[in-house]
Amino acid sequence: MLQYILRRLATALVLALLVTFFVFWLLSSSFDGVAASILGPAATPESIEALQVQLGLDRSVVVQYFDWLGGVLTGDFGNSYFTSEPVAQAVGSRLGVTLSLVLVALAISVVISVALGVLAASRAGAVDRLSQAVSLTGHLFPNLLIAIVLVVVFAVNLGWFPATGYTPLTENPGRWALAITLPVIVLVINGIANMAAQVRGTMIGELQKDYVRTLRSRGVATRSIVYRHALRNAASPALVVMSLEFLSMFGGALIIENVFALPGFGSFAFNSALRGDVPVILGITLFSVLLVVSINLLTDLINGWLNPKARLF
Amino acid sequence: MSEAQATETETETEAADTTPRRSAFGRLIRDPQAVITATILVVIVLLGLLAPLIAQHDPNESALSAVNVDPGTPGYLLGGDQSGRDIFARLLYSINTSVLSGLIGMSVAVAVGLTFGLIGGYFGGRTRFATEWLFNLIMTFPGLLLLIVLLPVTGGDFRATMLIFGVLLAPGVYRIVRNLTVGARNELYVDAARVSGLSSPRILRRQVMPTVRGPVIISAAFLTGSAIGVQAGLAFLGLGSTEVPSFGAMISDGFRNYYVDPLQFVWPAAFLGVLTSALVLFGNSLRDALEGARPKAQKIATPRVEAGSPASRGEAGEALVQIEGLSLSYPTPSGGVKDVLKGVSLEIRPGETLGLVGESGSGKSQTAFSVLGLLPPDAVVTSGSIRLEGRELLGLRERELIQVRGRAIAYVPQEPMSNLDPSFTIGAQLVEGIRATSGLPRAAAGKRAMELLDHVGIPDPKRVFSSYPHQISGGMAQRVLIAGAVASRPRLLIADEPTTALDVTIQAEILDLLRDLQAEMGMAILMVTHNFGVVADICDRIAVMQQGRIVETGEVEAVFREPQHPYTRMLLDSILDESHVRTDSPVLVAPGAEGPR
């Protein structure tokens, strides 16, 4: 068990190295513009060159990468070229906004999706049609469109919610809730579209299995068959979809954060990339890769535990 | 999927669907949703292609006189935006940006995913290890974020961005193709092709591609939609050249100008919405046409009984179970009705063993499941009656029939493994059944389960009790299922081919166990089988079924000695013909059998 986790963590590290190096290598072609963009339009070629030397951007890509890596290993992720803020701190401060958005949205989506998917599969009829309609609606339109329409209708026209801005939970829970309501709704619509259909499909498959008929033949109550047996067996594929959904919400938050002007991870990444803030971009990339890898590992571990055949401990 | 359950039910219900299968394309053009969405897509694409002819202005041409002019202003059909550009022209040119984005993203995803999926699926070993690793790596790339991060590299050009996005979408296609290829490769026809000396590329093209094509086409439709959505999102963020008109950029402009003129944002939003939803709906139609009906949700319920069934006569008589004139049918996909039982009458006497024989599709399992009310939910009882000790069972609701199941009538299935829930221990499953029928407290039910396991001849009941199904053998699992069935001393045990899935040596043991339990508990057994060896071994009486009808009933010896119906004679003859060539128990195959094809 421990060995399995260690092996997975080792692969994760190799992966993180590869991805960050790949991104670094791709970015290196644009290093020339970085110094110029820091100094602004008034810069002279001499001052640009001096700054490049000062930032170490004139060295070979490999040397620069290992320089950065050495820093990372000692806990130093570098400083932003533009704000001089330490990268780790900068990323951390934006993470709270995105995580509060994504975690709330994920929790709501999971609850609704499981309820809708299970009811659709076991009751059929009207509930089933409703669940399929909900899934379809979520798939029809891109996130952007749903977000914009919600802003226009509920924030601009009706004025129920602030159109933009964010208040931290610790500062004012009520304002925080108001600020994230619309963005969360956008993520939830998408989340339900993906997850409810999946839960429904898996549950239909489970309920048609032989063991369900045998349990029925023994006089076991329908409720136990649906919620104890079929749902238990459907949990593992549902968990995989949930982890994928978490990651895609995290990525999708980028556009949502921009529409609602939330100071989150996505908009931070966007602005840093626009400016060519190399240390921040690398820090963001590293964090994203580690997030993906650890979510996947966690999913596999829970799945191993859920499935008696694959149980490792 | 559950193979065992699928065997008989499906053969019987599908056998009658005689309408010829239309080609996928034929089904597609008969689907109104497909036709409408395809028309919309074609119109939109044409509008984009013809933009230079239709539009009166260049999309980037701005005129001071046209700033925020109203729709309908001459030359500005939908008005002008805040920079004085023709909104209508910009919309038309934006179509091209969207369509091109969708096509680039989709083509790259399909090209990369298909190529590597075929390679990884067809060649095992190191090759597949390498492709798996590569695509796991791509999956690890933080998708949208990577597009942003690489902004300095792509320069924001939407074509370069969509190229990268296509690669990021590729793992989805790769997985589909790899799985299908692995499956197709294991099919016999590919083996045959390889043995006959065909080259790998040729096998891939001729044998594997046809199975992969459908699913790839379907996912291509959805991938196009998501590429268009992502491009719009990125353009909305302000990524890319301002010279390139796109829905995302227009929505962004219109949104900022919302208080001046709300309509400016509505046009691009509506176009984008229509485009992506037409793609998704068209993709759904494609899936229906290429993959056929998807599994339907089905309520857990007893079969529907049509009005006008003859009321039971109410006299108890000698029989434990009295089936009279039972007719059962299923709706077919083509809208017709398939009759699987046509007036079956059968009597099961207390304590006897009745063999119900017939070939696959004769309706014997359907008859047995009718008694338990465990038919697929779309089954319709069109007439007849089933009485247990005089009480009518047809028309009872699930809630009412649960009281009968397990207590009075129990069931032993054919395939032992798939009939145990893989996620629960043997003990937990037995205890649940015992508690459902007896209401015993948990501890007492556990003790009872342990006794039962011992009783059905399991050598180490304690270990088996806490084992998961995959940890015990098939023969052991069948004993567990028998223990579960007899837990509350039923008066009738319905055994559906209980030995078919087992090794020959274990078959006899299971039959012995059933005989012992019957002697001890005095229950009747309805033995559904196609195996005359089993009938001869354990049955007192026999009922022969053919095409949904009982054609002959009688004492086993009498029927064996002097079969009355030609079908029975044919069945018996076929055993005699085969008995000297086959060592295992004879299996019935009759000419004209409606078996699975």
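Okay, let's start with chain B, where the domain assignment gives two pieces: domain 1, residues 27–290, and domain 2, which is 350–377 + 390–574. Keep in mind that this is a predicted model. If you take the centres of those two domains over their C-alpha atoms, 55 Å separate domain 1 of chain B from domain 2 of chain B.

Now, the core. The largest nonpolar core has 249 residues in it, and the members that touch the most other members are B:V149, B:L492 and B:L526. Both domains of chain B feed into this core, with at least three residues drawn from each of domain 1 (27–290) and domain 2 (350–377 + 390–574).

Let's zoom in on one of those three. What does B:L526 touch, once we leave out residues up to four places away in sequence? The partners are B:I348, B:L354, B:L356, B:A368, B:L492, B:I494 and B:A495. You'll spot B:L492 in there, and B:L492 was also on the list of residues touching the most other core members.

Staying in chain B, have a look at a glycine. B:G166 sits in helix 9, residues 158–186. Is B:G166 buried or exposed? There are 24 C-beta neighbours inside 10 Å, and the cut-off for buried is 20 or more, so B:G166 counts as buried. Setting aside residues up to four places away in sequence, B:G166 touches B:I104, B:G105, B:S107, B:V108 and B:A109. And for a sense of scale, go from B:G166 to B:A428: that's 262 residues along the chain, and their C-alpha atoms are separated by 49 Å.

One more stop in chain B, and that's B:R489. Its phi is positive, about 45 degrees, although B:R489 is not a glycine. You'll find B:R489 in the loop between helix 19 (474–486) and strand 8 (492–496) of chain B. With 15 other C-beta atoms within 10 Å, B:R489 comes out as partly exposed.

Right, over to chain A. How many helices and strands does chain A have? There are 12 helices and 0 strands, so to speak α after α if you read along the sequence: α-α-α-α-α-α-α-α-α-α-α-α. The C-alpha trace of chain A spans about 85 × 55 × 35 Å along its principal axes. Chain A has 313 residues, and 43% of them count as buried. Then there are the contacts in chain A between residues at least 6 apart in sequence: 72% of those join residues at least 24 apart.

Next, how do some of these helices pack? Two packed helices are described by the angle between their axes and the distance between the axes. Take helix 5 and helix 6 of chain A, which pack at an angle of about 140 degrees with their axes 7 Å apart. That makes helix 5 of chain A oblique to helix 6 of chain A. On the helix 5 side, the contact is made by A:L116, A:G117, A:L119, A:A120 and A:R123, and on the helix 6 side by A:G125, A:V127, A:D128, A:S131 and A:V134. The crossing of helix 5 past helix 6 in chain A is left-handed.

Helix 6 of chain A (residues 125–140) also meets helix 8 of chain A (residues 173–207): their axes come within 8 Å and cross at roughly 135 degrees. Helix 6 and helix 8 of chain A are therefore oblique to each other, and this crossing is left-handed. From helix 6, the residues involved include A:S131 and A:V134, and from helix 8 they include A:I189, A:A193 and A:R200.

For contrast, try helix 10 (residues 222–259) and helix 12 (residues 278–306) of chain A, which pack at about 170 degrees with their axes 10 Å apart. Those two are therefore roughly antiparallel. Among the residues that meet there are A:L239 and A:F246 in helix 10, and A:I295 and A:T299 in helix 12.

Then helix 11 of chain A, residues 265–275: 9 of its 11 residues are buried, so helix 11 is largely enclosed by the rest of the structure. The buried ones include A:F265, A:F268 and A:F270. Right after helix 11 comes A:G276, with a positive phi near 70 degrees.

Last one: A:S84, in the loop between helix 4 (61–73) and helix 5 (87–123) of chain A. A:S84 isn't a glycine, yet its phi is positive, near 65 degrees. With 8 C-beta neighbours inside 10 Å, A:S84 counts as exposed.

Terms used:
Residues are numbered from 1 along each chain as its sequence is written. Chains are lettered from A and ligands numbered from 1 in the order in which they are written. This is a predicted model: local features need pLDDT of at least 70, side-chain atom pairs count only at pLDDT 80 or more; totals for chains, interfaces and linings use all residues. A nonpolar core is a set of buried Ala, Val, Leu, Ile, Met, Phe, Trp, Tyr and Cys residues joined through C-beta atoms within 7 Å. A residue is buried if 20 or more other C-beta atoms lie within 10 Å of its own, exposed if 12 or fewer, and partly exposed in between; C-beta atoms are placed from the backbone. Domain bounds come from an automatic or database domain assignment. Two residues are in contact if their C-beta atoms, placed from the backbone, lie within 7 Å. Axes are lines fitted to C-alpha atoms, for helices over the stretch in contact, and angles run from 0 to 180 degrees between N-to-C directions. Helices (H or I, at least four residues) and strands (E, at least two) are DSSP runs, numbered from the N terminus. Angles under 35 degrees count as roughly parallel, over 145 as roughly antiparallel, 65 to 115 as roughly perpendicular and the rest as oblique. A crossing is left-handed if the near helix is turned anticlockwise from the far one by less than a right angle, and right-handed if clockwise.
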